[in-house]
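Colleague: Could you take me through one part of this model with care, namely the place where protein and DNA meet? I would like a connected account rather than a list.

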2 protein chains.
Amino acid sequence: MDLTNCPLFEDVSPEEIDQILHCFCSNTRHLQAGELLNCSDIVGKIGVLLAGEAKIIRIDYDGSRTLMETLTPGSVFGEALAFANSPLDQMFLECVNSCDLIFFAYTHFTKRCANSCEHHNILLQNLFRLLSKKVLTMASRVEVLSHRSIRAKLLCFFRITAAEAKSTRFTLPFSITALAEYICADRSAMMRELKAMKEEGLLQMDRRQVTLLSVGEEA
Amino acid sequence: MDLTNCPLFEDVSPEEIDQILHCFCSNTRHLQAGELLNCSDIVGKIGVLLAGEAKIIRIDYDGSRTLMETLTPGSVFGEALAFANSPLDQMFLECVNSCDLIFFAYTHFTKRCANSCEHHNILLQNLFRLLSKKVLTMASRVEVLSHRSIRAKLLCFFRITAAEAKSTRFTLPFSITALAEYICADRSAMMRELKAMKEEGLLQMDRRQVTLLSVGEEA
DNA sequence: AAAAATCTGTTGCAACTGCAACAAAAAGAA
DNA sequence: TTCTTTTTGTTGCAGTTGCAACAGATTTTT
């Protein structure tokens with residue numbers, strides 16, 4: 001129940017947050033571990049994960065799952081910040097464990113309120129910052145996915161991660177199984193490719209610890 | 001040379017635009033048809049295409065090209081609105097024909113100026129709207145690319161396009177060759193798949209005119 | 001501590017995809 | 001109109017990938 005360390009409310013005092021919760025028609029929900037929330041049910045809203053851990057995933061016609069993002073307490077989500085407009089019914093919020101959520105109507109952020117409170121400007125700026133970050137995150141994802149082979153996707157992802165870590169040695173931000181979902185490839189095929197890459201001396205890997213060895217060769 | 005119909009300057013009068021051009025340190029450039037502009041040369045800037053036609057593409061190590069977006073007069077581009085932070089040197093603006101461009105420092109938009117002019121707020125809101133749109137565009141792209149097979153990618157793209165057109169009959173927004181670049185697949189392999197899909201009665205296609213026939217089956 | 005559920009690692013095989021190399025059609029330029 | 005360039009359409013072939021089906025290692029739950 002702590003919104004003070006949510007990036008959406010950065011630079012907003014706890015008193016103002018209380019004020020906002022009244023001003024904006026917000027509502028909270030509690031979901032059980034494993035429960036799914038269809039994103040078409042939260043159109044026009046911005047959600048914040050207050051407690052627990054959740055994922056945004058896509059499950060399409062043939063049942064294949066794609067991990068869109070992982071949410072931790074304070075994470076902000078919603079269609080403008082996350083998913084396409086078209087097949088919202090394929091998007092789900094999946095609770096890893098027991099979760100508390102709060103929702104706000106999107107329009108409260110973009111439109112000035114009648115009393116033109118000062119914190120509206122701050123909120124707008126915060127939302128702006130979140131959006132910029134989101135664009136960069138998605139651009140990275142597109143970059144990874146735009147490669148044609150599993151190997152090229154992996155190398156691209158590893159290079160980006162290494163650049164963020166400012167080191168050729170880094171820890172994967174999620175499990176190997178989730179990595180396969182992230183690069184949208186078959187897990188076993190990815191394992192096979194990872195093995196080959198290790199044997200060719202491109203990288204070392206001990207569980208989630210990765211060390212890139214020869215960076216910058218062919219893709 | 002007309003910024004009035006650029007979405008970045010929506011709701012800003014021509015007089016104010018003139019003022020802004022002075023206030024913001026802007027500079028213009030002219031590029032020839034076919035000329036490439038490396039995006040690492042325009043870090044921290046927001047560009048607007050004033051005249052001509054251009055593309056944002058990525059060319060990576062092995063020389064394969066990926067179409068990131070197409071720019072028409074009034075289009076706004078720049079790293080926050082377009083491409084990832086990491087390998088900027090792989091990103092290029094490619095002029096289809098002779099182009100005029102104008103660049104602004106990014107910070108002018110996000111930071112309030114000393115005289116806190118009113119139009120700064122409007123610009124911020126405009127940039128916000130552009131960002132939201134960009135997130136949605138990229139989410140669509142991720143959605144398309146997250147499918148594993150060429151067929152699934154095509155169907156996903158066609159469904160999204162059909163949804164936008166509110167009809168199962170629509171015209172491709174770019175050439176078939178560009179479509180292959182968009183879905184990050186080999187062109188000939190894509191042609192082969194399109195042919196198979198036509199034969200299976202999934203769709204009709206006359207050049208860029210597409211008609212989806214059986215929507216909602218398996219992917 | 002034992003049992004259940006995940007995650008990691010492997011393999012054979014069929015199917016799909018990328019590559020290379022053409023030919024024909026269409027669009028632009030001279 | 002003719003020439004040139006770009007786009008579209010095809011095919012064989014080799015290599016990669018997805019699928020299915022396991023087995024062992026970890027982690028979580030009971």
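**The surface around DNA strand D**

Modeller: In this predicted model, sugar or phosphate supplies 51% of the atoms of DNA strand D that lie within 4 Å of the protein, and bases supply the rest. The strand is surrounded by 20 residues, of which Ile150(A), Arg192(A), Thr177(B), Arg187(B) and Arg192(B) are the closest. Two of the contacts fall on phosphate: a backbone N or O atom of Ile150(A) sits 2.6 Å from a phosphate oxygen of DNA strand D, while an N or O atom in the side chain of Thr177(B) is 2.6 Å from a phosphate oxygen of that strand. Arg192(B), by contrast, turns to a base, with a side-chain N or O atom 2.6 Å from a base oxygen of DNA strand D.

As for the elements behind this surface, H6 of chain A, helix H5 (176-182) of chain B and H6 of chain B each contribute at least two residues, and the largest share, five residues, belongs to H6(B). By residue class, the surface near DNA strand D is made up of ten charged, five polar and five nonpolar residues.

DNA strand C offers a useful companion view, since there the largest share of the nearby surface, five residues, comes from H6(A). On that strand, a side-chain N or O atom of Arg192(A) lies 2.6 Å from a base oxygen, a polar side-chain atom of Thr177(A) is 2.8 Å from a phosphate oxygen, and a polar side-chain atom of Ser188(B) is 3.2 Å from a base nitrogen.

Key
Residues are numbered from 1 along each chain as its sequence is written. Chains are lettered from A and ligands numbered from 1 in the order in which they are written. This is a predicted model: local features need pLDDT of at least 70, side-chain atom pairs count only at pLDDT 80 or more; totals for chains, interfaces and linings use all residues. Side-chain values use heavy atoms; hydrogens and water are left out. A polar contact is a pair of N or O atoms within 3.5 Å; within protein, one must be able to donate a hydrogen and the other to accept it, and residues adjacent in sequence count only if both atoms are side-chain atoms. Helices (H or I, at least four residues) and strands (E, at least two) are DSSP runs, numbered from the N terminus. A residue is near a molecule or strand if one of its heavy atoms lies within 4 Å of it. Ala, Val, Leu, Ile, Met, Phe, Trp, Tyr, Cys and Pro count as nonpolar, Asp, Glu, Lys and Arg as charged, and the others, Gly among them, as polar.
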